[in-house]
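Some labels in a structure description rest on a cut-off. The turns below ask what stands behind such labels.

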Amino acid sequence: MKAYLFGVTPVEEAFLKEWQDQHPDDEISYTHSPLTADNLELAKGFEAVSTQQEEPLTASDLKPLAAGGVKHLALRKVGADNIDLEAAAKYGITVANVPAYSPRAIAENGLTGAMYLLRKWGYYHRKMRRGDFTRSTELMSDEIFNQTVGIVGLGRIGAAAAEMYHALGARVIGYDLKPLAAGGVKHLALRKVGADNIDLEAAAKYGITVANVPAYSPRAIAENGLTGAMYLLRKWGYYHRKMRRGDFTRSTELMSDEIFNQTVGIVGLGRIGAAAAEMYHALGARVIGYDPVYNASLEPFLDFVDFETLIKESDIVQVHIPLTPENKGMFSANEFAKMKDDAILVNQSRGELVDTAALIVALKYHEIGGAALDVLEGEEKIFGRKFEDVGSLPDEYTELINLPNVVMSPHSAYYTKMAVKNMFFQSMTDIERTLSGKKAFFKVN
């Protein structure tokens, strides 16, 4: 075997010597430098190249390697996302990783971090650096056997982690699509609309159908958005804060307008967007809408316009469009600059549709008038939790909460009695249909 190793560390050198002692006929050369366009000539005449690096290897790197005789690229790590696999195949280079070098190494490192935090070592360490060696009630910790540990992903590493926590006495629960399928699961019923947190490709691979509940109550979401818009339009938040300070006067700057004088732009005209359009139309507003798909049945309620026209003409912009890779960040500094300086943005769809940092700037410097937000970027780490210390919140959340021209709710637009009931029953109906050999009404994969 003729192989050239790139990026060899001092620790690896000892293992390389051990290998060469056991395989004296192998011709192996190496360098401490990672493989780059500047040194790939070193591999000329070798059959195989081995590397452990995060730097990308593109077609322009792989082509000359192949021309120099390289037929195999051995990665001394798990991830291969920095390798242009399509180009490697094109040039006849096989690529292999080491997916199971030591699952316990990763699992053990995670357990170490969890235990460090659970037992409050960091807090005590900082106290002691300040000269405070006392114990305190708020730093009393719990023991691992009283904890429930959830493992997301039960491959080699996840399985190793589960074994470790179990051995320490913790209750261990786990989630993974593959073992779900192995356990006989054929259908995954989501009691919500969004399926962007599900690996649909993996679900299909393992024979699991996934269904959502896209129409549990369009009015619930639309109505919540309208409520936020009206709250901001009629300046309730400003007045409430004034009155809490004992100021019960009216003021010219808080004179508001009426909804029938407003132009409301609906972005996304599916079930929810259509319901919103009908509501605003019923209140007397001029309604305009943007959606790539034209729906003639909505003409009695709105005028179809392009996106540019909508953001320029609307006093209220209400978003009800699904998140895709193409529309992520569709509301950014560029869009806010084109909106009216007193326009209200209502987002009831997905937080990632809006560039939060740009939104904060637009609100603080009055590029737009206000925002009613039921969703935010990164909400999965925040919404659904209660924070005793609001100082631990991300800065963007704290800023938005404290702006007088913002009203927020924690992804609860759907949370009505009718909607929750419909979500449950539609989900159960699809489970029943799937298990009886029928097609799910709301299959998403």
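The questions and answers that follow concern a predicted model.

Q: Why is the pair of Tyr 4 and Phe 6 called tilted?
A: The ring centres of Tyr 4 and Phe 6 are 4.8 Å apart, with 50 degrees between the planes. Rings pair if their centres lie within 6.5 Å, and planes under 30 degrees apart count as stacked, over 60 as edge-to-face and the rest as tilted. The value of 50 degrees is neither under 30 nor over 60, so the pair is tilted. By this rule the count comes to 5 aromatic pairs.

Q: What makes Tyr 4 and Phe 6 buried or exposed?
A: Buried means under 20% relative accessible area. Tyr 4 has 7% relative accessibility, so Tyr 4 counts as buried. Phe 6 has 0%, and therefore Phe 6 counts as buried. Tyr 4 and Phe 6 form one aromatic cluster with Phe 46.

Q: How do you know that Lys 2 lies over the face of Phe 46?
A: The distance from Lys 2 to the ring centre of Phe 46 is 5.6 Å. The distance cut-off is 6 Å, with a further condition of 35 degrees from the ring normal. Lys 2 is listed as lying over the face of Phe 46, so both conditions are met. Arg 241 likewise lies over the face of Tyr 238, at 5.7 Å from the ring centre.

Q: What parts does the pair of Tyr 294 and Phe 304 tie together?
A: Tyr 294 and Phe 304 form a tilted pair, 4.8 Å centre to centre with 55 degrees between the planes. Tyr 294 lies in the loop between strand E11 (286-290) and strand E12 (303-304), and Phe 304 lies in strand E12, so the pair ties together parts that are 10 residues apart in sequence. Phe 304 has a relative accessible area of 26% and is therefore partly exposed. Phe 304 is also the bridge partner of Gly 289, and 2 bridges join E11 to E12 in the parallel sense.

Q: What makes E12 and strand E16 (406-408) edge strands?
A: Each of them pairs on one side only. The open sheet has 7 strands in the order E12-E11-E10-E13-E14-E15-E16, and the pairing is parallel.

Q: How do you know that E6 and E7 are paired strands?
A: Two strands pair if there are at least two bridges between them. Strand E6 (residues 148-152) and strand E7 (residues 171-175) have 5 bridges, in the parallel sense, so they pair. The chain crosses from E6 through helix H6 (residues 156-167) to E7, and this β-α-β crossover is right-handed. Val 149 stands opposite Val 172 in E7. Val 149 and Ile 151 form the covered face of E6, whereas Thr 148, Gly 150 and Val 152 form the uncovered one.

Q: Which residues touch the most other members of the largest nonpolar core?
A: They are Phe 331, Phe 336, Leu 345, Leu 359 and Leu 400, in a core of 32 residues. The elements that give two or more residues to this core are helix H12 (307-313), strand E13 (316-319), helix H14 (356-364), strand E15 (370-373) and helix H15 (395-402). The largest share, 5 residues, comes from H14. Leaving aside neighbours within four places in sequence, the contacts of Leu 345 include Phe 331, Phe 336 and Leu 359. A second, separate core of 23 residues includes Leu 298, Ile 316, Ile 344 and Ala 372.

Q: Why is Ser 332 called buried, and why is Asn 334 called partly exposed?
A: The limits are under 20% for buried and over 50% for exposed, with partly exposed in between. Ser 332 has 18% relative accessibility, so Ser 332 counts as buried. Asn 334 has 43%, so Asn 334 counts as partly exposed. Ser 332 lies in the loop between E13 and H13, and Asn 334 lies in helix H13 (residues 333-338). Leaving aside neighbours within four places in sequence, Ser 332 is in contact with Asp 355 and Ala 358. Asn 334 and Ala 358 are 9.0 Å apart, C-alpha to C-alpha, and 24 residues apart in sequence.

Q: Why is the phi of His 366 pointed out?
A: Most residues other than glycine have a negative phi. His 366 is not a glycine, and its phi is positive, near 60 degrees. His 366 lies in the loop between H14 and E15. The relative accessible area of His 366 is 57%, so this residue is exposed. Lys 235 also has a positive phi, about 60 degrees, and lies in the loop between helix H9 (218-233) and helix H10 (236-244).

Definitions and conventions:
Residues numbered from 1 in each chain as written. Predicted model: local features only at pLDDT ≥ 70, side-chain atom pairs only at ≥ 80, totals over all residues. Heavy atoms only, no water. Phe/Tyr/Trp six-rings, centres within 6.5 Å; stacked < 30°, edge-to-face > 60°. Buried < 20%, exposed > 50% of the residue type's maximum accessible area, 1.4 Å probe, protein only. Helix = DSSP H or I, 4+ residues; strand = E, 2+ residues; numbered from the N terminus. Right-handed = clockwise from strand over helix to strand, strands pointing away. Core = buried A, V, L, I, M, F, W, Y, C linked by side-chain atoms within 4.5 Å. Contact = heavy atoms within 4.5 Å.
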